[in-house]
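Visitor: Hi! I'm new to looking at protein models. Could you walk me through this one?

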Amino acid sequence: MVELDSYMISAFENNDVERRFVSDCNEVIHFKFVRCQKDIESSISFKPEMSHQIFGKPEKIFGYNDLNIKLYYTAGWLRTYINVSYKERIDPSVIGLPADNVMEILSKFLDHDYFENIDFFVNTIKEEPAFKPYGNLINSVTINDKISSKVYEIYHLHLSNTNMKHFKNYYQRLQRFLIWYIDGASYVDIEDDRWNYFIMYEKYLNESNEKAYAVVAFGTVYEYYAYPDNIRPRISQLLVLPPFQKQGLAIHLLNSIYTFYADNKSVIDITVEDPTDNCQAIRDFVDLCRCEKLDCFSEKNLKEGFTTKIEEELRTKLKIHKKQARRLYEILLLRTINKTNEEQYKNYRIQIKNRLNAPFQKMNSTMRRMNHTFKPNEVQEANILQKPEVRFNTLKNLYDELEQHYERVLRRYENQRSTVF
């Protein structure tokens with residue numbers, strides 16, 4: 001692949017002659033999940049959100065005019081079709097740079113068999129009813145709307161499953177989607193027996209009225225060891241594939257994971273690894289629905305402040321980690337606050353800001369050590385963060401963002417909890 005830096009890309013894009021040979025990866029790549037031949041002919045497709053881990057940081061492809069990349073997958077088996085088309089390919093003798101070899105780049109990324117012949121790909125569609133989900137069924141969810149009723153099933157797998165050998169190849173295909181939609185995503189070591197897999201499928205009837213399955217979402221959980229003989233499951237990846245987003249499916253997938261571990265006495269608590277803002281919002285909503293009726297979250301107990309009783313009750317009954325327990329306390333307390341009561345609202349803000357300020361307080365002792373071990377310019381940069389006006393503005397921004405997040409979670413909670421749980 002031609003490694004074009006941002007400066008070179010800009011130069012090409014500002015040149016009327018050459019700009020037509022620079023393509024935005026995220027605009028020219030088109031995905032489809034195919035259940036029948038009509039899906040291939042349909043104009044409906046979806047695009048990646050990012051592509052820098054495949055095509056480099058500028059997320060550009062060089063050397064083609066009117067580039068179009070098709071990546072089609074059968075809905076169940078995830079058999080793959082790739083097609084790369086364009087109107088014109090640049091002549092390397094003109095500027096001394098060849099066009100990117102798109103097929104080579106994609107084939108290395110996919111690292112599995114694929115079709116380049118559309119007829120061969122279409123012939124595999126008839127085999128879709130033979131696909132059966134791997135693992136053990138742990139939950140089934142029916143979602144009704146004005147048009148239809150859809151059934152979704154969640155399955156759990158572990159390295160000990162008898163059909164794990166075939167699943168490994170399947171999951172290699174599935175986890176490739178992480179790179180297109182989660183920044184900094186990495187693949188799991190499928191040979192590590194501490195990994196657990198949770199996959200959601202839509203169960204549907206095809207054109208021949210045969211039962212079939214389409215993969216819609218998946219999550220992975222790593223079971224960390226906790227002394228002396230316990231575990232701490234950590235949710236590492238959670239992705240609802242784009243055609244199935246905005247339907248509340250992530251809520252059901254996450255809740256299924258929680259339910260799976262609920263009665264396991266060796267589980268201390270469940271955490272989430274570096275959640276995105278959207279993932280954290282889903283987590284907050286699900287946890288809020290699970291814990292709203294606990295005695296520790298009665299209005300009377302909420303007003304007594306965040307106590308070890310709250311922390312312990314959420315951990316023992318719902319496997320909720322203490323940091324998440326504190327967030328839930330703050331969200332539910334906000335629900336009881338009358339913002340027109342100036343003193344009440346002020347006390348709430350102070351309580352949250354004191355928590356947010358804790359890392360800055362810890363930094364004070366760190367700064368004293370830095371004066372002896374770091375270079376003067378490094379100490380000076382760190383000192384800026386300790387200035388009262390900088391700290392004040394930082395805390396204010398952190399608080400404002402947090403309260404807005406809490407308000408969004410509460411609105412969703414008020415509007416959707418009865419329809420989801």
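Visitor: Let's start with helix 14: is it mostly covered or not?

Guide: Mostly covered: 11 of the 15 residues in helix 14 are buried. Keep in mind that this is a predicted model.

Visitor: Which residues of helix 14 are the buried ones?

Guide: Among them are Q324, A325, R326 and R327. The list also includes Y329, E330 and I331, along with L332, L333 and L334.

Visitor: And what does helix 14 reach from its first C-alpha to its last?

Guide: Helix 14 runs over residues 322–336 and reaches 21 Å, close to the 21 Å expected at 1.5 Å a residue.

Visitor: OK, zooming out. How many helices and strands does the protein chain have?

Guide: The protein chain has 17 helices and 13 strands. Of its 421 residues, 47% count as buried.

Visitor: New topic: at what angle do helix 11 and helix 17 cross?

Guide: Their axes cross at roughly 55 degrees and come within 9 Å. An angle that is neither under 35, nor over 145, nor from 65 to 115 degrees counts as oblique, so helix 11 and helix 17 are oblique to each other.

Visitor: Is that crossing left-handed or right-handed?

Guide: The crossing of helix 11 and helix 17 is right-handed.

Visitor: Which residues meet there?

Guide: From helix 11 they include D277, F285 and L288, and from helix 17 they include H405, Y413 and V420. By class, this contact of helix 11 with helix 17 has nine nonpolar, three polar and four charged residues.

Conventions
Residues are numbered from 1 along each chain as its sequence is written. This is a predicted model: local features need pLDDT of at least 70, side-chain atom pairs count only at pLDDT 80 or more; totals for chains, interfaces and linings use all residues. Side-chain values use heavy atoms; hydrogens and water are left out. Helices (H or I, at least four residues) and strands (E, at least two) are DSSP runs, numbered from the N terminus. The expected span of a helix is 1.5 Å times one less than its number of residues. Buried means under 20% relative accessible area, exposed over 50%, partly exposed in between (1.4 Å probe, protein chains only). Axes are lines fitted to C-alpha atoms, for helices over the stretch in contact, and angles run from 0 to 180 degrees between N-to-C directions. A crossing is left-handed if the near helix is turned anticlockwise from the far one by less than a right angle, and right-handed if clockwise. Contact means heavy atoms within 4.5 Å. Ala, Val, Leu, Ile, Met, Phe, Trp, Tyr, Cys and Pro count as nonpolar, Asp, Glu, Lys and Arg as charged, and the others, Gly among them, as polar.
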